[in-house]
Amino acid sequence: MTYSARVITLSDKGYTGQRTDTSGPALVNRLRELGFAVEPEPVILPDTSDMIEEALRKAVKENIALVLTTGGTGVSPRDVTPEATRMVVEKEIPGMAEAMRAASMLKTPHAMISRAVVGICKASLIVNLPGSEKGARENLAAIEPALFHAIKKIHGDPSDCASAP
């Protein structure tokens, strides 16, 4: 089964054209390699909580199976992606966020200030990734081994979670 995916880049400078978004297109390419039916271009929004929340709710309403956000997960005053995500998700999946931070900590101590959230709303898995292309790719790679299993379970797969993939 092919699952749908959407990438949302959160960047004030990207939204106003002051910076070229590289993390969003990199994630779109990786999702295609993994076999997702992904929109050709990422959505680019400013670091504004209500706009982020609205975009996430729209993706859920459209039954997008996987929603990746990139940006806004740090501690800067405009970093509000985790808060907006928590307004939307019904269940958090802390193990996936912890796995991303643990993998990143092997590369940089700055990973410990990531506030990324992973959660479920209805049949959508929402994953917050860092805004840098390198960080976004590395964090996605950290959860790839469990990504399809999680999506299948969210969509009602009755198979045993303990069985090998």
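How many bridges join S6 to strand S7 (residues 124–129)? Four of them do, and the two strands run antiparallel. What you see here is a predicted model, where local features need pLDDT of at least 70, side-chain atom pairs count only at pLDDT 80 or more, and totals for chains, interfaces and linings use all residues. Residues are numbered from 1 along each chain as its sequence is written, and side-chain values use heavy atoms, with hydrogens and water left out.

**View 1. Strand S6 and its partners.** Strands (E, at least two residues) and helices (H or I, at least four) are DSSP runs, numbered from the N terminus. Two strands pair if DSSP finds at least two bridges between them. S6 covers residues 118–121, and its antiparallel pairing with strand S5 (residues 91–92) has two bridges. Here, Glu 92 has Gly 119 as its bridge partner. Over on the S7 side, Ile 120 is matched with Leu 125. S6 and S7 make a hairpin with two residues between them, and Lys 122 in the turn has a positive phi of about 55 degrees.

**View 2. The two faces of S6.** In a regular strand the side chains alternate between the two faces of the sheet. On S6, Val 118 and Ile 120 sit on one side, with Gly 119 and Cys 121 on the other, and all of them are buried. Buried means under 20% relative accessible area, exposed means over 50%, and partly exposed is in between (1.4 Å probe, protein chains only).

**View 3. Leu 125 and the largest nonpolar core.** A nonpolar core is a set of buried Ala, Val, Leu, Ile, Met, Phe, Trp, Tyr and Cys residues joined through side-chain atoms within 4.5 Å. The largest one has 27 residues, and Leu 125 is among those with the most contacts inside it, along with Leu 66, Leu 68, Val 127 and Leu 147. Helix H6 (133–154) is one of the elements that supply at least two residues of this core; in fact, the largest share, seven residues, comes from H6. Not counting residues up to four places away in sequence, Leu 125 touches several others, including Val 118, Ile 120, Leu 147 and Ile 151. Contact here means heavy atoms within 4.5 Å.

**View 4. Helix H2 and what it packs against.** H2 has twelve residues, running from 23 to 34. Among its buried residues are Ala 26, Leu 27, Val 28 and Leu 31. The buried residues of H2 pack against S1, strand S2 (37–38), S4, S7 and H6. Right after H2 comes Gly 35, with a positive phi near 100 degrees.

**View 5. Two stacked rings.** A pair of aromatic rings is described by the distance of the centres and the angle of the planes. Rings of Phe, Tyr and Trp (its six-membered ring) pair if their centres lie within 6.5 Å; planes under 30 degrees apart count as stacked, over 60 as edge-to-face and the rest as tilted. The count comes to one aromatic pair. Phe 36 and Phe 148 are stacked, at 4.9 Å centre to centre with 20 degrees between the planes. Phe 36 is in the loop between H2 and S2, while Phe 148 is in helix H6, 112 residues apart. Phe 36 counts as buried because its relative accessibility is 5%, whereas Phe 148 is partly exposed at 26%.

Note on methods
The expected span of a helix is 1.5 Å times one less than its number of residues.
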